[in-house]
Every structure is written in C-alpha cells, then in structure tokens.
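This report describes the fold of one protein chain for a reader who has not met it before. The sequence and the model are shown first, and the description follows.

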Amino acid sequence: MVYIVVKMNGNGRTFIFGGTFKRKTVEKCKGCRSLQVLNTVSTKSKILLSNNLFFTINGLILKKKYTKWLFLTCFIIALTLYIRYRINDPCQSFGITCLCKLDTQSPELVLTFDDGPDSSITPSLLLLLEKLEVQAIFFVNGNKLELYPEIARRIVEKGHILANHSYQHEAMIFRTVRYIEKDLLKTDSLIRLAGQKDVPYYRPPYGKSFINLPRVLKKYGKKMVNWTIAAPAQYDIKLDKQQLVSETVKQLKPGAIILLHDGYPYQNRQAFLEAVEAIILHSRKRNFEFISLK
Ligand SMILES: [Zn+2]
C-alpha cells in the first residue's frame with residue numbers, strides 16, 4: 001500500500017493529489033493521457049498522474065476501497081450465516097456423517113429419549129415401553145447417571161440402548177478437543193458402569209456440533225445420531241399432550257428418528273407418558289414399526 005498526500009494546484013495541467021492507493025492501481029490506469037511522473041513515494045512505487053487522472057484514479061481508488069470492504073463484509077456475513085446454518089441443522093456435521101434418518105423406505109421408526117435418566121419419568125416410561133414392546137435409545141447425561149445409576153441399569157436390562165449425550169449437557173460447539181474428550185470418556189465410563197459394554201452412539205447437546213466434536217467422535221469411532229422429528233411442543237414444561245402427539249405424528253415417514261425427552265421437567269409427567277403411548281399407537285395404526293439402531 002502506498003500513502004500519498006497531494007493537493008490540487010488549479011489550472012488544469014499540474015496536479016498534486018491526496019489519496020491512498022496501490023501502485024498497481026495507478027499504473028494500470030489505461031486511457032489516461034499525458035502521463036507524468038510527479039512523485040516517487042518509495043523506491044518501488046512510481047505514481048503516474050495526468051490531467052484526467054485525478055478523477056479517474058480517485059474514482060478507482062474509492063471504488064476499489066469500498067468494493068474491497070463491501071466484499072469482505074458480505075463474505076464474513078455469508079460465512080457466519082453458513083456456519084450458523086450448518087451448526088443448527090441436526091442433519092449436518094463438520095467432517096463426520098451425522099445420522100438423522102435411517103436409510104430405508106420401510107415403515108420403520110426409531111424412538112429416542114434425551115436428557116435422562118430422570119427419577120420422575122424414566123421408570124414409568126420403561127414400564128410403558130415394556131407393555132408396548134418397544135425398544136428405544138436413551139441419550140443420557142453423565143451427571144444424571146451418577147444420580148440415578150439404578151434406573152440406568154434398568155434401562156439396559158430392559159433391552160434398550162444407552163447412548164452418550166455428554167456429561168452435563170453443555171454445548172460442545174466451541175469446546176477444545178481435550179475438553180470434549182474428557183467429557184465423552186467420563187460419560188462413556190458411567191454408561192459402562194450401568195452394564196452396557198459398547199457405547200457407539202453420541203448425540204451432541206442441542207444437536208449442535210462444530211469442528212472439534214466431530215474430530216473427537218471420529219477418533220473414538222462414534223456415530224453421531226440426531227433426529228428427523230422433534231416436536232416443538234415438547235419444550236414447554238406445561239406440556240400440551242395433544243399438541244405433542246399431533247406435531248409428531250404429522251411428520252412420520254419411513255426411517256424417521258423421533259426425539260422426545262424423558263429428562264425434561266414436565267409439570268405433568270402423566271401427560272408426557274400418555275403422549276408417548278399415543279404416538280406409538282398412532283404410528284402402529286399406520287403400519288409403522290419401532291426398531292432399534294444396529
Ligand atoms: Zn439434550
């Protein structure tokens with residue numbers, strides 16, 4: 001970059017100008033008449049000017065200057081939006097395949113429960129699933145496993161799968177590799193203590209991941225599993241049972257992975273259990289069957 005301080009002399013032939021521009025910009029100015037060397041700013045940079053050049057060059061400089069900043073701003077905004085979109089999309093991940101739907105056209109569904117185990121819901125939920133003969137995947141948090149190891153053991157004994165959903169449900173987007181690794185291994189060991197040998201599945205808290213988490217999952221041979229159907233109604237502690245059922249069943253399709261929460265502090269846990277039952281029965285009426293992950 002060349003910096004020049006210049007003033008206009010006046011009568012149309014001799015000019016000294018002020019501006020900030022690159023040597024190449026000046027030298028590339030074509031169609032400029034009567035070029036004169038007016039100043040040498042540095043040993044490398046010769047500034048060429050003429051009668052017409054001031055406006056031409058100044059125009060170019062201004063244009064180039066703003067174009068550059070405009071381009072840079074647009075690029076940063078676009079990059080930010082793209083990264084945000086990728087982070088927020090449960091089916092996207094950086095550098096690892098994320099399973100958000102089974103690759104099948106058969107009427108099969110996977111039922112998953114997050115953020116547990118929970119003493120007020122999970123035991124009743126296990127009884128319900130046993131009655132309906134459905135096997136589910138429980139994406140559990142390590143701190144809840146420490147609180148309710150007995151319930152965790154029961155989940156495994158009933159034939160369901162325990163899967164890693166981080167130790168205490170902190171977002172893993174901007175965590176270091178070391179932090180994620182420690183969190184993952186701690187939760188894995190608690191799952192093993194509950195009686196499950198292998199822990200192949202991982203669901204990131206909030207379903208969001210960025211560069212480091214996929215790197216760690218790849219290193220430990222984990223499969224990232226998110227979801228196809230996540231009814232918004234389930235995030236209200238005053239759960240509207242009908243709404244949860246209708247929002248879920250209207251999205252049913254072959255291979256869908258359904259996300260529900262047994263670790264959510266619902267004011268009416270019975271409403272949640274009834275909603276789960278209604279979802280299962282409605283799905284079966286439409287010939288869907290519930291399968292587990294392989
Ligand atoms: Zn969660």
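In helix 7 (residues 212-219) of this predicted model, the buried residues are Asn 212, Leu 213, Pro 214, Val 216 and Leu 217. These residues pack against helix 6 (177-193), strand 9 (201-202) and strand 10 (223-225). After helix 7 comes Gly 221, which has a positive phi, near 65°.

Helix 8 (residues 241-249) has Leu 244, Val 245 and Thr 248 as its buried residues. Viewed down the axis of helix 8, these residues fall within an arc of 95°, so they line one face of the helix. An α-helix has 3.6 residues a turn, so residues three or four places apart point the same way. The partners of the buried residues of helix 8 are strand 11 and helix 9.

Strand 11 (residues 257-261) has 5 of its 5 residues buried, so the strand is largely enclosed by the rest of the structure. Ile 257, Leu 259 and His 261 point one way from strand 11, while Ile 258 and Leu 260 point the other way. This fits a general rule: in a regular strand the side chains alternate between the two faces of the sheet. Strand 8 (residues 161-164) is likewise covered on both faces, with Ile 161 and Ala 163 buried on one side and Leu 162 and Asn 164 buried on the other.

Which strands pair with strand 6 (residues 108-116)? Strand 11, strand 12 (residues 289-290) and strand 7 (residues 137-140) each pair with strand 6. Of the 9 residues of strand 6, 8 are buried, so this strand too is largely enclosed by the rest of the structure. Strand 7 also pairs with strand 8. The table lists these pairings with one pair of opposite residues for each.

| Strands | Sense | Bridges | Opposite residues |
|---|---|---|---|
| Strand 6 and strand 11 | parallel | 5 bridges | Val 110 and Ile 257 |
| Strand 6 and strand 12 | parallel | 2 bridges | Leu 109 and Phe 290 |
| Strand 6 and strand 7 | parallel | 4 bridges | Thr 112 and Ile 137 |
| Strand 7 and strand 8 | parallel | 4 bridges | Phe 139 and Ala 163 |

Between strand 6 and strand 7 the chain passes through helix 3 (residues 122-132), and the three elements make a right-handed β-α-β unit.

The largest nonpolar core has 56 residues. Inside this core, the residues with the most contacts are Ile 137, Phe 138, Leu 162, Ala 163 and Ile 258. Helix 9 (residues 269-285) supplies the largest share of the core, 5 residues.

What is Phe 138 in contact with, leaving aside its neighbours within four places in sequence? Its contacts include Ile 161, Leu 162 and Ala 163, which belong to strand 8. Phe 138 is also in contact with Phe 113, Gly 116, Pro 117, Ile 155 and His 160.

Some totals describe the chain as a whole. The protein chain contains 9 helices and 12 strands. Of its 294 residues, 34% are buried. Among contacts with a separation of 6 or more, 71% are between residues 24 or more positions apart.

Notes:
Residues are numbered from 1 along each chain as its sequence is written. This is a predicted model: local features need pLDDT of at least 70, side-chain atom pairs count only at pLDDT 80 or more; totals for chains, interfaces and linings use all residues. A residue is buried if 20 or more other C-beta atoms lie within 10 Å of its own, exposed if 12 or fewer, and partly exposed in between; C-beta atoms are placed from the backbone. Two strands pair if DSSP finds at least two bridges between them. A nonpolar core is a set of buried Ala, Val, Leu, Ile, Met, Phe, Trp, Tyr and Cys residues joined through C-beta atoms within 7 Å. Two residues are in contact if their C-beta atoms, placed from the backbone, lie within 7 Å. The arc is that of the directions from the helix axis to the C-beta atoms. A crossover is right-handed if, with the strands pointing away from the viewer, the path from the first strand over the helix to the second runs clockwise.
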